[in-house]
Amino acid sequence: MNDASPARRPRDGRALLLGALGALVLAAAPVVSAAAGPVVEPADATPAVVGGHDATEEYPFMVSLQQDGQHFCGGSLIKPDWVVTAAHCAKGSDPALLTARVGSADRTSGGTEAGITEIVVHPDYRPEEPGGDVALLHLDQKVPEAPISIAAEPGSPGDATRILGWGYTCDDASCSSLPVQLQELDTELVPDDRCADIEAGTELCTDSPTEGAQGCNGDSGGPQLAGERGRWELIGATSRDGDTDPACGTGTGIWTDLTAHAAWIEQHAG
């Protein structure tokens with residue numbers, strides 16, 4: 001990508017699919033920043049949860065967004081027929097070409113497969129500006145998996161969180177494909193001044209206590225959670241890298257604060 005600011009490097013798995021899928025509607029998708037979304041130049045795609053491990057529990061709300069059977073972004077089931085994700089994962093896409101696999105830790109099987117009938121992108125979203133990186137996807141059916149609730153507030157710097165995704169698991173060429181099994185990584189909220197180009201009040205600056213671990217390409221749109229096993233609440237959606245280092249595993253990451261957008265989400269998905 002030729003983003004003016006390296007801090008906007010997207011974490012989108014779509015860039016990695018272009019060679020295999022050919023001339024899709026992805027060319028119409030906006031080129032965005034660091035966490036996962038419609039990126040048009042595969043050469044800049046950096047390997048997903050870097051430094052994480054296979055999921056240790058079931059996450060029935062976890063969604064793999066796919067095109068032609070290939071994962072490109074994550075999402076969270078918030079209603080039986082609504083998914084929240086990052087705007088850069090969805091803007092410019094034809095919903096008829098996308099599908100969602102809900103509730104399976106295996107992105108290739110299990111859970112419930114659903115089509116997408118509508119995409120609602122937040123009006124504040126601009127590909128080259130911070131903020132507004134959130135979108136809603138209306139499924140073509142009500143799925144049986146249990147949705148996750150959006151928390152009343154995101155928490156404070158120092159609070160423990162967890163991120164999930166099927167993004168690349170390393171920062172070098174040794175990762176040639178996305179993991180099949182869902183990855184998780186324990187993270188924490190940190191002060192906004194630890195992140196570059198962040199919109200205070202609507203985005204969350206996040207780091208990992210594990211060295212060399214962070215979200216990456218293919219993780220975009222996926223959840224950031226607060227709580228504990230069996231009692232998780234949704235606070236964020238993976239947006240982009242939080243520093244100017246091109247390696248995903250170093251530095252901070254930025255997540256859209258979904259608690260700050262709860263009223264807009266309820267208005268459109270209520």
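# Briefing: disulfides, barrel and cores

A disulfide links Cys73 and Cys89, with an S to S distance of 2.1 Å. The model is a predicted one. A search of the whole structure turns up three disulfides, this pair among them. The points below cover these links, a barrel of six strands, the nonpolar cores, and some single residues.

**Disulfide of Cys73 and Cys89**

- The two cysteines come from distant parts of the chain, 16 residues apart: Cys73 is in strand S3 (residues 70–79), and Cys89 is in helix H2 (residues 87–90).
- The disulfide of Cys73 and Cys89 is left-handed because the torsion about its S-S bond is about -80°.
- Cys73 and Cys89 are each buried.

**Disulfide of Cys195 and Cys205**

- The sulfur atoms of Cys195 and Cys205 are 2.1 Å apart and form a disulfide.
- This link of Cys195 and Cys205 is right-handed, with 90° about the S-S bond.
- Cys195 sits in the loop between strand S9 (183–189) and strand S10 (203–207), while Cys205 is in strand S10, so the pair ties together parts that are ten residues apart in sequence.
- Cys195 is buried, and Cys205 is buried as well.

**Disulfide of Cys216 and Cys248**

- Cys216 is joined to Cys248 by a disulfide with an S to S distance of 1.9 Å.
- The torsion about the S-S bond of Cys216 and Cys248 is about 60°, and the disulfide is therefore right-handed.
- Cys216 is in the loop between S10 and strand S11 (223–226), and Cys248 is in the loop between strand S12 (233–241) and strand S13 (253–257), so this pair ties together parts that are 32 residues apart in sequence.
- Cys216 counts as buried because its relative accessibility is 0%.
- Cys248 also has a relative accessibility of 0%, so Cys248 counts as buried.

**Barrel and helix**

- Six strands close into a barrel, and their order is S2-S3-S4-S7-S6-S5, with antiparallel pairing.
- On average, neighbouring strands of this sheet are turned by 40° against each other, direction ignored.
- Strand S5 (residues 98–102) and strand S6 (residues 112–121) run antiparallel and are joined by four bridges.
- Thr99 has Gly115 in S6 as its bridge partner.
- Helix H3 (residues 262–269) packs on the sheet and touches S3, strand S4 (82–85), S6 and strand S7 (135–139).
- The direction of helix H3 makes about 25° with that of S7.

**Nonpolar cores**

- The largest nonpolar core has 41 residues, and Leu136 and Leu139 have the most contacts inside it.
- A second core, separate from the largest one, has ten residues, including Ala151, Leu189, Ala213 and Ala226.
- Leaving out residues up to four places away in sequence, Leu139 touches Leu77, Pro80, Asp81, Trp82, Val83, Ala100, Val102, Ala114, Gly115, Ile116 and Thr117.

**Positive phi outside glycine**

- Most residues other than glycine have a negative phi.
- Asp68 is not a glycine, yet its phi is positive, about 55°.
- Asp68 lies in the loop between strand S2 (62–67) and S3.
- Asp68 counts as exposed because its relative accessibility is 53% and the cut-off for exposed is over 50%.
- Asp197, also a residue other than glycine, has a positive phi near 55°.
- Asp197 is placed in the loop between S9 and S10, the loop that also holds Cys195.
- With 31% relative accessibility, Asp197 counts as partly exposed.

**Thr252 and Glu233**

- Thr252 is in the loop between S12 and S13, and Cys248 is in that loop too.
- Thr252 counts as buried because its relative accessibility is 3%, and buried means under 20%.
- A polar atom of the Thr252 side chain lies 3.2 Å from the backbone oxygen of Arg194.
- Glu233 is in strand S12 and is partly exposed, with a relative accessible area of 37%.
- Glu233 and Ser149 are 84 residues apart along the chain, but their C-alpha atoms are separated by 5.5 Å.
- Setting aside residues up to four places away in sequence, Glu233 touches Ile148, Ser149, Ala151, Gln224, Leu225 and Ala226.
- Two of these contacts of Glu233, Ala151 and Ala226, belong to the second nonpolar core.

Note on methods: Residues are numbered from 1 along each chain as its sequence is written. This is a predicted model: local features need pLDDT of at least 70, side-chain atom pairs count only at pLDDT 80 or more; totals for chains, interfaces and linings use all residues. Side-chain values use heavy atoms; hydrogens and water are left out. A disulfide is a pair of cysteine sulfur atoms within 2.5 Å. Buried means under 20% relative accessible area, exposed over 50%, partly exposed in between (1.4 Å probe, protein chains only). A nonpolar core is a set of buried Ala, Val, Leu, Ile, Met, Phe, Trp, Tyr and Cys residues joined through side-chain atoms within 4.5 Å. Contact means heavy atoms within 4.5 Å. A polar contact is a pair of N or O atoms within 3.5 Å; within protein, one must be able to donate a hydrogen and the other to accept it, and residues adjacent in sequence count only if both atoms are side-chain atoms. Two strands pair if DSSP finds at least two bridges between them. Axes are lines fitted to C-alpha atoms, for helices over the stretch in contact, and angles run from 0 to 180 degrees between N-to-C directions.
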